[in-house]
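This briefing covers a predicted model. The topics are helix geometry, cysteines, nonpolar cores, salt bridges and aromatic pairs.

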Amino acid sequence: PCLTWPCSLLAEKTGKVLGEFCRCYKEQYGVALFNSVRYEIEGNGGPQPQLLHRKVPLEDHVIYSGNLFQYIEENKKWRNRFCVVPHNYGLVLYENKLAYERELPPRVLVNSAGYKVLTSVDQYLELVNNSLPGVTPKSGHSPILKCPTDFPLILWHPYARHYYFCVMTGKEQEKWRAVFQDCVRHCNNGISEDSKVEAPAFTDAVRMYRQSKEHYGTWDMLCGNETQVLSNLVMEELLPELRTTISPRLKGKAQERQRTWIQISDAVYRMVYEQTKAQYDAAMAKCEQERPQLESTIRTDMDQIITSKEHLASKIRAFVLPKAEICVRNHVQPYISSILEALMTPTSQGFAEVREVFFKEVTDLNMNIVNEGGLEKLAEYMEKLSHLAFHPVKMQSCYEKMDQLKLEGLQQRFDVSSTSVFKQRAQIHMRQQMDDAVYTFETLLHQELGKLQGKEDLCKSIQRILERVLKKYDYDSSTVRKKFFREALLQITIPFLLKKLAPTCKGELAKFQELIFEDFASFILVENTYEEVVLQSVMKDIMQAVKEAAVQRKHNLYRDSMVMHNSDPNLHLLGEGVPIDWGEEYSGQPEPESATDKRRRAKQVVSVIQDDEGVLPYEVGAEALLQPGSPEPREPEEPDPGAPPSSPDGVEKIREALAQESLASPKPRADVPSGATMQCAAPASPKPRADVPPEAKAPHVTPASSPAPGAETPSPSVGMACHQPSDKETGEEVAPPAGKCSPPQPMGTTESSEGVQTEF
């Protein structure tokens with residue numbers, strides 16, 4: 001069906017939303033710049049962390065790779081894909097493992113920001129039915145999706161296209177689920193915290209814009225990089241109107257209408273993304289151009305700006321504070337301890353599990369050194385330990401603790417749409433604390449190695465360093481959790497207070513504008529100052545609640561007066577040194593490896609699952625798997641000499657069906673939503689960007705197998721491919737065969753010079 005909105009109307013509506021947002025962003029940019037310069041001058045830093053922070057944890061290494069089935073919507077068939085998850089947590093899908101090893105372009109690149117990982121078709125169908133109210137397949141009719149196995153993996157997004165996968169065993173499903181969830185968690189956290197001006201300006205502008213539309217409280221779609229978040233912001237406003245217009249015009253059976261709606265939503269999302277990126281980049285460039293002049297004014301007139309702001313705050317405080325204090329006393333204060341307890345229990349259990357996993361891994365390492373040899377094996381074990389924090393499966397037991405977080409009645413009272421914001425934030429803190437602990441351990445151990453005499457000294461030193469690191473972890477863990485609790489309490493209570501006070505206070509704020517000198521209007525905003533006053537009204541109660549929890553030693557929290565000063569005065573100097581490469585330094589290799597050999601030997605954080613017979617499943621295409629009523633399978637083409645022998649196990653019939661398919665690559669396809677046509681040509685998508693700081697370096701950490709816990713060996717042929725997604729890009733790709741024309745481009749995608757189509 002044709003999209004009934006012309007592109008000009010879509011562009012107009014998108015431009016209107018972005019115009020309002022960019023005005024908010026420009027205002028918040030000046031405030032954020034002032035706050036940044038003021039902090040730089042005045043300091044006010046918090047407690048000094050005891051653990052070291054690794055600067056580049058996962059550069060140029062693979063987190064995971066393996067085979068799974070993907071459902072191809074264009075031909076309604078399932079095909080085998082070899083999926084690689086590189087250091088930037090993009091999902092990269094190749095035709096097969098051979099295509100990956102030969103460095104051929106990938107078939108699909110996916111940025112999973114904003115997606116949900118589902119392991120049940122019923123879960124997916126419920127979300128699909130809710131996305132288009134009034135269109136539900138009748139009982140007994142075929143649903144929109146059928147899965148050939150009992151182990152689906154579905155990536156669902158409220159606006160963008162969906163991705164459908166499945167595997168053969170529950171063990172594989174659990175491992176892939178952990179990997180996918182780690183990808184989503186990482187990609188959702190796409191706004192760099194290293195930016196002290198742009199990041200707070202952006203997030204405050206999003207919050208101010210949504211509050212101007214009466215949307216208070218947390219927002220689940222604050223996911224991904226800035227352009228993705230803004231696209232979600234636009235879609236939040238456009239989608240209801242689009243659905244109202246489109247839904248009555250959809251034809252066919254219920255499942256066909258659902259499928260068409262998903263395609264239309266995806267097409268609109270891509271077009272919105274294109275316009276959003278261009279408009280936001282222009283606003284950013286303009287602010288950056290004005291920054292030197294603004295910063296010069298701030299540094300010259302800092303004292304006068306501070307005085308002017310304090311004068312404004314005193315006037316607003318006199319007007320707002322009495323009302324705010326009554327609201328806090330009646331509607332917030334009685335519930336702070338309940339909210340805090342609900343947050344503390346699962347979060348502290350998760351951090352305790354991080355400590356336990358770290359302790360177990362180091363203890364196992366020490367035992368293996370005792371049993372198998374000293375320094376000869378140390379490099380191998382340390383290389384695996386060094387990226388424990390980035391092992392989705394081993395960290396899963398820590399992350400799962402946050403699933404217990406439930407605010408129950410408090411969630412409705414304070415208009416918290418979902419707890420996922422707090423869960424993911426706590427999980428990111430867990431991963432960071434684990435990596436800090438591991439990095440501190442390996443740095444201290446590396447320093448000691450030159451002084452050790454034999455295996456016995458090495459084991460004693462490992463135990464001693466472990467105890468030191470655990471003490472540091474306990475202190476830093478307490479500091480991080482207390483800060484997280486305070487921030488979460490503010491995120492829950494401040495929007496509630498602002499909404500409660502809006503009818504009596506917000507309309508009166510305009511009269512305070514005259515108190516701001518025109519020269520300082522870029523750095524002082526009435527709205528921001530008003531929110532600071534509201535924050536002050538509840539901050540005392542929040543600080544007191546967290547302090548009391550620490551005094552009572554609840555959940556192993558330390559009191560604020562417990563400060564570890566200079567326990568290791570030279571430790572942070574060690575952290576500034578050259579990163580340790582255990583493999584190169586202690587592997588005993590006589591000659592340096594070539595770049596090609598290193599790529600072939602590249603290790604990954606999570607090992608590929610091997611089935612019980614030692615044969616990787618789905619070495620060939622899988623169309624027959626979902627086509628029970630299809631004609632007899634074709635005669636097999638020339639067999640691949642490297643294909644594994646058929647398996648005698650319970651999936652023999654499936655393997656025989658799969659064996660009918662050739663390993664030859666299928667014809668190039670363009671992942672075009674078949675029904676999502678527009679009334680004008682689709683715009684070109686952005687070129688791949690590489691402006692996100694690299695995530696860092698990850699050798700090999702694996703789940704326990706043999707002979708030592710945590711020492712499973714990866715598939716030796718897993719290597720790094722040259723075609724990896726840029727840190728902010730995703731999409732579908734089609735690489736046409738040599739000498740043939742490129743197939744039609746899907747909306748919102750573009751073909752790069754390497755033949756890979758990318759989006760977002």
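Helix H4 covers residues 170-188, and its end C-alpha atoms are 26 Å apart. That agrees with the 27 Å that its 19 residues should span at 1.5 Å a residue. Most of H4 is covered, with 16 of its 19 residues buried.

**Cysteines**

- The count of disulfides comes to zero.
- Cys505 forms no disulfide because the closest cysteine sulfur, in Cys327, is 9.2 Å from its own, too far for a bond, where the cut-off is 2.5 Å.
- Cys505 is buried, with a relative accessible area of 0%.
- Cys459 is also buried, with a relative accessible area of 12%.

**Nonpolar cores**

- The largest nonpolar core has 163 residues, and Phe21, Phe358 and Phe441 have the most contacts inside it.
- Helix H8 (residues 302-372) supplies the largest share of this core, 24 residues.
- Another core, of 16 residues, lies apart from it and includes Leu118, Ile154, Met168 and Ile262.
- Beyond its neighbours within four places in sequence, Phe21 is in contact with Phe202, Ala205, Val206, Tyr209, Leu230, Leu233 and Tyr280.

**Salt bridges**

- A search of the whole structure finds 32 salt bridges.
- One of them joins the side chains of Glu20 and Lys213, at 3.2 Å from N to O.
- Glu20 lies in helix H1 (residues 7-42) and Lys213 in the loop between helix H5 (198-212) and helix H6 (226-246), so this pair ties together parts 193 residues apart in sequence.
- Both ends of this bridge are partly exposed: Glu20 has a relative accessible area of 23%, and Lys213 is at 30%.
- Arg54 and Glu442 also meet through their side chains in a salt bridge, at 2.9 Å from N to O.
- Arg54 is in the loop between H1 and strand E1 (64-72), while Glu442 is in helix H12 (residues 420-448), so the bridge ties together parts that are 388 residues apart in sequence.
- Arg54 and Glu442 are both buried.
- Within helix H5, Arg207 and Asp204 are three residues apart and thus separated by about one helical turn.
- The closest N and O atoms of the salt bridge between Arg207 and Asp204 are 3.1 Å apart.
- Arg207 is partly exposed, with a relative accessible area of 30%, and Asp204 is partly exposed at 24%.
- Glu40, Glu198, Arg291, Glu295 and Arg299 are joined into one network by salt bridges that share partners.

**Aromatic pairs**

- The whole structure contains 22 aromatic pairs.
- Tyr71 and Trp78 form a tilted pair, with 5.3 Å centre to centre and 50° between the planes.
- Tyr71 and Trp78 are both buried.
- Phe165 and Phe180 form an edge-to-face pair, with 5.6 Å centre to centre and 65° between the planes.
- Phe165 belongs to strand E7 (residues 163-166) and Phe180 to helix H4, so their pairing ties together parts that are 15 residues apart in sequence.
- Phe165 is buried, as is Phe180.
- Phe21, Tyr25, Tyr29, Phe202 and Tyr280 form one aromatic cluster.
- Two members of that cluster, Phe202 and Tyr280, are among the residues in contact with Phe21.

Definitions and conventions
Residues numbered from 1 in each chain as written. Predicted model: local features only at pLDDT ≥ 70, side-chain atom pairs only at ≥ 80, totals over all residues. Heavy atoms only, no water. Helix = DSSP H or I, 4+ residues; strand = E, 2+ residues; numbered from the N terminus. Expected span 1.5 Å × (residues − 1). Buried < 20%, exposed > 50% of the residue type's maximum accessible area, 1.4 Å probe, protein only. Core = buried A, V, L, I, M, F, W, Y, C linked by side-chain atoms within 4.5 Å. Contact = heavy atoms within 4.5 Å. Salt bridge = Lys/Arg side-chain N within 4 Å of Asp/Glu carboxyl O. Phe/Tyr/Trp six-rings, centres within 6.5 Å; stacked < 30°, edge-to-face > 60°.
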